[in-house]
Amino acid sequence: MKLFQLIVGLVFGVHVAHGFYYYSTAGERKCFQKELSKGTVLKGTHELQVYIDEIGKYGVPEKDTISVMIDVEEIFDDNHRVVHQKALPSSEFTFVALDSGEHNICLQSQSKGWSYKPKVKIDVNFEVGFASELDSKATTKVKLLHQKVIQLIAQIESIKREQKLMREREVLFRDLSEIVNSRATWWGIITLIVLGATCAWQMKHLGSFFVKQKVL
């Protein structure tokens with residue numbers, strides 16, 4: 001029977017993802033049954049939100065106020081527990097089936113303090129496949145993230161070059177402005193000197209003319 005289940009898992013063991021959400025109260029335990037073949041990998045992710053009375057909707061809980069307990073049990077082996085871990089409100093876990101059969105995946109939100117029992121909404125996503133499939137998917141995600149990082153670095157370098165060019169233009173404009181201002185200042189001084197000399201020469205010339213004409 002186990003051999004048959006393993007063969008079926010190999011033949012039809014394409015990557016399967018199942019996402020949903022449910023509502024409950026902190027402290028309640030919710031379980032989901034999954035038929036897993038030996039060697040298959042179950043990757044689960046969850047995101048917990050609490051109901052906030054002030055805004056009238058679900059939102060991210062405050063830090064260290066609530067957590068999630070994750071249990072995986074083998075139903076075929078008298079509910080033998082193979083996973084028991086405490087996780088953050090938004091987290092993930094990975095489990096490799098050691099034997100073929102029905103498994104219980106249970107989530108239980110745990111609030112800090114016995115009097116704090118908020119309403120919660122939990123988004124859950126289960127991905128079932130073989131390790132090679134999930135690794136391939138993870139590798140693809142890493143490659144995409146790597147490409148995005150390279151694109152961001154290229155954009156940053158482009159922005160740096162533009163900023164450097166702008167600074168160089170600002171320095172050039174400032175130098176030109178200082179040169180123009182300096183030349184304008186000297187031109188004004190020279191103009192005043194020439195005007196002063198011209199006025200002095202004209203006054204002297206007029207004085208000599210008046211003396212010759214015996215006006216003075």
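At 39% relative accessibility, Arg29 counts as partly exposed, a class that lies between buried, under 20% relative accessible area, and exposed, over 50%, as computed with a 1.4 Å probe on protein chains only. The model is predicted, so that local features need pLDDT of at least 70 and side-chain atom pairs count only at pLDDT 80 or more, whereas totals for chains, interfaces and linings use all residues. Residues are numbered from 1 along each chain as its sequence is written, and side-chain values use heavy atoms, with hydrogens and water left out.

A search of the whole structure finds 3 salt bridges, a salt bridge being a side-chain nitrogen of Lys or Arg within 4 Å of a carboxyl oxygen of Asp or Glu. Asp71 is joined to Arg29 in this way, with the closest N and O atoms 3.3 Å apart; Asp71 belongs to strand S5 and Arg29 to strand S2, 42 residues apart, where strands are DSSP runs (E, at least two residues) numbered from the N terminus. Asp71 is buried, its relative accessible area being 3%. Arg29 also meets Glu73 in a salt bridge, at 3.0 Å from N to O, and because Glu73 lies in strand S5 and Arg29 in strand S2, this pair ties together parts that are 44 residues apart in sequence. Glu73 is likewise buried, with a relative accessible area of 10%. A further salt bridge, at 3.9 Å from N to O, is formed by Arg81 and Asp71, and it ties strand S6 to strand S5 across 10 residues of sequence. Arg81 is partly exposed, at 42% relative accessible area. Arg29, Asp71, Glu73 and Arg81 are thus linked in a network of salt bridges.

The strands that carry these residues belong to an open sheet of 4 strands, which has the order S2-S8-S5-S6 with antiparallel pairing, two strands being paired if DSSP finds at least two bridges between them. S2 and S6 stand at the edges with a single partner strand each, so one side of each is left without a neighbour in the sheet. Within the sheet, S5 and S8 pair over 9 bridges in the antiparallel sense, and Asp71 stands opposite Cys106 in S8.

The largest nonpolar core holds 23 residues, of which Leu42, Leu48, Phe93, Phe95, Leu107, Ile122 and Phe126 touch the most other members; such a core is a set of buried Ala, Val, Leu, Ile, Met, Phe, Trp, Tyr and Cys residues joined through side-chain atoms within 4.5 Å. The largest share of this core, 5 residues, comes from S9.
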